Amino acid sequence: MRRTATILGTTLAVVLAFAPPALASHGGNSGHRPDNTSQDVESNYLTTNGKAAVAHGRAQLDRTDITTSVGGSDIHVYDKSYTASWYGQETCTDTNWWNGRCDHFDVKFNTRTMTGYGVSYWRSLGCHEFGHTGALKHRYHSTDGNDNSCMRDDIWPLYYDTHDIDAINDNV
């Protein structure tokens, strides 16, 4: 009996020591966790609006425990006319073998669907897609009652709210 309790206790300690923390609930999809708190961002031949989206997305991440810099290893950003119907997209293209978190993100802005949208919409899109690189998922009116999170996918706010910032900080 004592041996069984020891084995169960040891097993529980090992599971808890290596279990990843839970992601904050934002609903929706995505929510890849970055492998560290220092994220290099590479902009790949962006339009003027794409550059504004990147600058604003980086500024929003920099309000959290994640710091961004110009470089080429963590977040690669592209904008072009994709045939898909989405405005923006974040994809984890490589995971860190040690901790299972995302080591490399691709962020894409779709110039075809964003045609006619002003720079504030692009900035909101940058905030939203960079939020996914910080492990945020989509939010909806039921989880963003004051309608002020750029993680909404049906309206265009410009900033992370305190819930978003806390969720990023809890997941890095």
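**Notebook: a first reading of the model**

I began with Ser-38, which at a relative accessible area of 40% is partly exposed (under 20% counts as buried, over 50% as exposed and what lies in between as partly exposed, with a 1.4 Å probe and protein chains only). I noted that the model is a predicted one, in which local features need a pLDDT of at least 70 and side-chain atom pairs count only at pLDDT 80 or more, while totals for chains, interfaces and linings use all residues. I also noted that residues are numbered from 1 along each chain as its sequence is written, and that side-chain values use heavy atoms, with hydrogens and water left out.

**Ser-38 and the overall layout**

I placed Ser-38 in strand E1, and, setting aside neighbours within four places in sequence, I found it in contact with Thr-67 and Asp-74 (contact means heavy atoms within 4.5 Å). I then looked along the chain and found that Ser-38 and Val-172 are 134 residues apart in sequence, with 10.0 Å between their C-alpha atoms.

I counted 4 helices and 5 strands in the protein; these are DSSP runs numbered from the N terminus, helices being H or I of at least four residues and strands E of at least two. Read from the N terminus, the order of the elements is α-β-α-β-β-β-β-α-α. Of the 172 residues, 40% count as buried, and among contacts between residues at least 6 apart in sequence, 71% join residues at least 24 apart.

**Confidence**

I looked up the pLDDT, the predictor's confidence in each residue on a scale from 0 to 100, and found a mean of 85 for the protein, with 82% of its residues at 70 or more. Which elements have the lowest and the highest mean pLDDT? Helix H1 (residues 2-18) has the lowest, at 43, and H2 has the highest, at 98. Over residues 4-29 the pLDDT is below 50, although this stretch has 30 contacts in the model beyond near neighbours in sequence.

**Helices H2 and H3**

I turned next to H2 (residues 48-61) and H3 (residues 119-133), whose axes come within 7 Å and cross at roughly 50 degrees. The axes are lines fitted to C-alpha atoms, for helices over the stretch in contact, and the angles run from 0 to 180 degrees between N-to-C directions. H2 and H3 are therefore oblique to each other, since angles under 35 degrees count as roughly parallel, over 145 as roughly antiparallel, 65 to 115 as roughly perpendicular and the rest as oblique. I recorded the crossing of H2 and H3 as right-handed, which is to say that the near helix is turned clockwise from the far one by less than a right angle, an anticlockwise turn being left-handed.

From H2 the contact includes Gly-50, Ala-53 and Leu-61, and from H3 it includes Trp-122, Gly-126 and Phe-130. I found that the residues of this contact divide into 8 nonpolar, 7 polar and 2 charged, where Ala, Val, Leu, Ile, Met, Phe, Trp, Tyr, Cys and Pro count as nonpolar, Asp, Glu, Lys and Arg as charged, and the others, Gly among them, as polar.

**Two residues of H2**

I checked whether Gly-50 is buried or exposed. Gly-50 counts as buried because its relative accessibility is 0%, and, apart from residues up to four places away in sequence, it touches Asp-79, Phe-109 and Trp-122. Gly-50 and Trp-122 lie 72 residues apart in sequence and 6.9 Å apart, C-alpha to C-alpha.

Ala-53 is buried at 0% relative accessibility, and beyond its neighbours within four places I found it in contact with Phe-109, Trp-122, Arg-123 and Gly-126. Between the C-alpha atoms of Ala-53 and Val-77, which are 24 residues apart along the chain, I read 9.9 Å.

**A strand residue**

I looked up Ile-75 in strand E3 (residues 75-80), and it is buried, at 0% relative accessibility. Outside the residues up to four places away, the partners touched by Ile-75 include Val-41, Leu-61, Phe-105, Val-107 and Phe-130.

**Two positive phi angles**

Most residues other than glycine have a negative phi, so I noted the exceptions that I came across. Tyr-45 has a phi near 50 degrees and sits in the loop between strand E1 (38-44) and H2, where it is exposed, with a relative accessible area of 82%. Asp-147 has a phi near 55 degrees and sits in the loop between H3 and helix H4 (162-171); it counts as partly exposed, at 34% relative accessibility.
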